[in-house]
Amino acid sequence: MFRYILVGLLAAGISADLMDGITPCPNNVPLPLDVYVYGCDSLPCWVHNGDIVYFEMDFRVERFTQTLKPGVSLILGPLQIPFEIPPEDQDACGGLIGIVRCPLYQDDIARYGLGMKVEAPVSGVTVNLEFWLEDDWGQRVVCYRREQRIDQPRAIGEK
């Protein structure tokens, strides 16, 4: 339900297209066509540990797949820290927005959205967030990196 509430907010124009600050992942994995992060107008996006961050991305499918699985990691210097995706969000087909649904066919243009709680092991740092979707064979369909500033949790009553 949270996902659908935020979709309405994003449709109202409360986010920005951030492609200028998006960088590719290793191994020539395709970049998304567009990335939108709720409440973020420029990179790095600033969030507080404990916040829920919602984003959407548009991507082109390069090969047929019946399933999609999301993955996220934080990159801090030489460290790559995997982020645990909650079980209810492991099937990224459920996060597709619009008329395109799984299975996905070559050259489909799809929109995917996800809200994630920031539960980083560190605060007060800027990290690279890497996000990807994998196909039936565990191959990345789309992947991007963006800067994310993670601050201390909000104080009670702080907005």
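User: Why is arginine 111 called partly exposed?

Analyst: In this predicted model, arginine 111 has a relative accessible area of 28%. Buried means under 20% and exposed means over 50%, with partly exposed in between, so a residue at 28% is called partly exposed.

User: What makes the contact between aspartate 58 and arginine 111 a salt bridge?

Analyst: The side chains of aspartate 58 and arginine 111 meet with a distance of 2.6 Å, N to O. A salt bridge asks for a side-chain nitrogen of Lys or Arg within 4 Å of a carboxyl oxygen of Asp or Glu, and because 2.6 Å is within 4 Å, the pair counts as one. Aspartate 58 lies in strand S4 and arginine 111 in strand S8, so the salt bridge ties together parts that are 53 residues apart in sequence.

User: Is aspartate 58 buried or exposed, and how do you know?

Analyst: The relative accessibility of aspartate 58 is 12%, and it therefore counts as buried, since buried means under 20%.

User: What forms a salt bridge between glutamate 56 and arginine 111, and how close are the atoms?

Analyst: The closest N and O atoms of glutamate 56 and arginine 111 are 3.1 Å apart, which is within the 4 Å that a salt bridge allows. Glutamate 56 lies in strand S4 (residues 52-60) and arginine 111 in strand S8 (residues 109-117), so this pair ties together parts that are 55 residues apart in sequence. Glutamate 56 has a relative accessibility of 4%, and so counts as buried.

User: Which residues are joined into one network by salt bridges that share partners?

Analyst: Glu56, Asp58 and Arg111 are joined in this way, and the structure holds six salt bridges.

User: How do you know that arginine 140 and glutamate 130 form a salt bridge?

Analyst: The closest N and O atoms of arginine 140 and glutamate 130 are 2.9 Å apart, and because the cut-off is 4 Å, the pair qualifies. Arginine 140 lies in strand S10 and glutamate 130 in strand S9, so the pair ties together parts that are 10 residues apart in sequence. Arginine 140, at 26% relative accessibility, counts as partly exposed, whereas glutamate 130, at 2%, counts as buried.

User: What makes S9 and S10 a pair of strands, and how do they run?

Analyst: Two strands pair if there are at least two bridges between them, and because 10 bridges join S9 to S10, they count as paired; they run antiparallel. The hairpin of S9 and S10 has five residues between the strands, and glycine 138 in this hairpin takes a positive phi near 75°.

User: Why is valine 127 called buried, and where is its place?

Analyst: Valine 127 has a relative accessible area of 4%, so it is called buried, and its place is in strand S9 (residues 125-134). The bridge partner of valine 127 in S10 is glutamine 148. Not counting residues up to four places away in sequence, valine 127 touches Leu74, Ile75, Leu76, Arg146, Glu147, Gln148 and Ile150.

User: Which strands are called the edge strands of the open sheet, and why?

Analyst: The open sheet has five strands in the order S3-S10-S9-S5-S6, with mixed pairing. Strand S3 (45-48) and strand S6 (79-83) are the edge strands, as each pairs on one side only. Four bridges join S3 to strand S10 (residues 140-151), and these two run parallel, while seven bridges join strand S5 (residues 69-76) to S9, and these run antiparallel.

Note on methods
Residues numbered from 1 in each chain as written. Predicted model: local features only at pLDDT ≥ 70, side-chain atom pairs only at ≥ 80, totals over all residues. Heavy atoms only, no water. Buried < 20%, exposed > 50% of the residue type's maximum accessible area, 1.4 Å probe, protein only. Contact = heavy atoms within 4.5 Å.
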